[in-house]
Amino acid sequence: MISEKMKPLVQNNSAIREMFEEGKRLAAIYGRENVYDFSLGNPNVPAPAEVNQAIRDVLDEEESTFVHGYMSNSGYEDVRETIAGSLNRRFGTAFHQGNILMTVGAASGMNVILKTILNPGDQVIAFAPYFLEYGNYVRNYDGELVIVPPDTTDFQPDMAAFEARINKKTKAVIINTPNNPTGVVYSHETLCEIAGILEKKQAELGASIVLLSDEPYRELAYDGVEVPYVTNYYANTVVCYSYSKSLSLPGERIGYLVIPDELEDSQTVFAAATIANRVLGCVNAPSLMQRVVKRCVDAKTDVAAYDRNRNLLYSSLTEYGFSCVKPQGAFYLFVKSPEEDEKAFCGICKQHNILVVPGTSFACPGYVRISYCVSYEQIERSLPAFKAVAAHYGLI
Ligand code: PLP
């Protein structure tokens, strides 16, 4: 009964489910606290107190039929104006509500913009390692994902390989900074280079290429590192933002797209994206959450908690002989597998009750992703197990 297009998705999903089931199986045998599950990107830091307060306040103070009602498919104007104002204060931009389209999280934002711009056969470039759902999102609209291979020395984009992949079929380029799974942040210089290449290629090909900046981890950056705002570098940029990680609200499904005035045909794109939001079945972003983010537009999650996790895990694993680029953002470590087949390495980790995700899941074999959005205590408890894995490989 199911479509040919769905079949590979179903097959892939069983691998994720298998890992989930494996975690449950190990927990039943060894006890939950003795299984070290580093596989998920589900924030363990609770949503800021003001978010929960805002939910109560919205329900107490705003009219029920309004809070739970339909609004414009692009979202409440006052919410969008507030978000635009906050971005302008922080990044020196000049957005207004007409640039902000409320979405059902980043996953939906990406789908909305890809549906808006892709024709069948159009190519979308992504830099490996990347969030594997990008391929599914692009294929939803019969586009083709083109992958720039990773530069594993520092996981910064390989500019020559990037430029070589741009051609007349290229419609968009996805970047994700701070990055899942590497934690790498693109610097001012890196963004200048990407913008320079895109501008050159646009002129050469006489076509527009959209830079799609997927930013669920924007607020999660450490050591004072700057996460530059991408619309300030390249006119044909669309930003895809989410509150899933920044306010620990992944289940609430709230985010937005920024479609700047500078984007070619900006108003038409905005109008089309609003329709895409509707016809994809989202209709509009969750109303209650829109009202809440208006009240919490400058609320912050406890980044220091993730930073503490990062430091403990990074310093311990490198001390045990594992090799890894120190992440500057997000909440993942991307660790080099001590043997070529990282799936075998994941198997050895599992023997020590450690669950990590193979790099193949990010189009980057030979590495594994360790999510440190877990409790500090879980990391502490897991260290002897990591040490035993290191000993297995003769690293210590
Ligand atoms: N993009 C990246 C890079 C992610 O890591 C995730 C979630 O983990 C998403 C998009 C989807 O986020 P959302 O919950 O906002 O749909």
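This passage describes the ligand site, a pocket, the cavities and selected local features of a predicted model. Residues are numbered from 1 along each chain as its sequence is written, and side-chain values use heavy atoms, with hydrogens and water left out. Because the model is predicted, local features need pLDDT of at least 70 and side-chain atom pairs count only at pLDDT 80 or more, whereas totals for chains, interfaces and linings use all residues.

The ligand is surrounded by 14 residues, among which A106, D214, Y217, S242 and R253 come nearest; a residue is taken as near when one of its heavy atoms lies within 4 Å of the molecule. By class, this shell has 6 nonpolar, 5 polar and 3 charged residues, where Ala, Val, Leu, Ile, Met, Phe, Trp, Tyr, Cys and Pro count as nonpolar, Asp, Glu, Lys and Arg as charged, and the others, Gly among them, as polar. Helix α5 (residues 105-117) gives the most to the shell, with 3 residues; helices (H or I, at least four residues) and strands (E, at least two) are DSSP runs, numbered from the N terminus. Oxygen atoms of the ligand lie 2.8 Å from a polar side-chain atom of N180, 2.7 Å from one of Y217 and 2.7 Å from an N or O atom in the side chain of S244. The protein covers 92% of the 400 Å² of accessible area that the ligand has on its own, as computed by the Shrake-Rupley method with a 1.4 Å probe.

Pockets and cavities were sought on a 1 Å grid over the protein atoms alone, a cavity being a set of points where a 1.4 Å probe fits but cannot get out, and a pocket an open set with protein on both sides within 12 Å along at least five of seven lines; lining residues have an atom within 4 Å of a point. Grid points are joined across faces, edges and corners, and a volume is the space filled by probe spheres set on the points. The second largest pocket holds about 280 Å³ of space and is lined by 17 residues, with R90, E219, Y241, A299 and K300 nearest its centre. Helix α4 (residues 77-91) supplies the largest share of this lining, 4 residues.

The search of the whole structure finds 2 cavities of 30 Å³ or more. The largest cavity has a volume of about 90 Å³, and of its 14 lining residues F127, A128, P129, F155 and Y186 are the closest to its centre. The second largest cavity contains about 50 Å³ of space; its lining includes F127, P129, N180 and Y186 and has 9 nonpolar, 3 polar and no charged residues.

Two cis peptide bonds may be described: one joins A128 and P129, with omega about -5°, and another runs from T177 to P178, with omega near -5°. P129 is found in the loop between β3 and α6 (133-140), and P178 in the loop between β5 and α8 (188-205).

S287, in helix α10 (residues 287-295), counts as buried because its relative accessibility is 9%, with buried meaning under 20% relative accessible area, exposed over 50% and partly exposed in between (1.4 Å probe, protein chains only). The side chain of S287 reaches the backbone oxygen of V67 at 2.3 Å. R253 has a positive phi near 60° and is partly exposed at 27% relative accessibility, whereas D265, with phi near 55°, is exposed at 51%.

Definitions and conventions: Polar contact = N/O pair within 3.5 Å; in protein donor to acceptor, adjacent residues only side chain to side chain.
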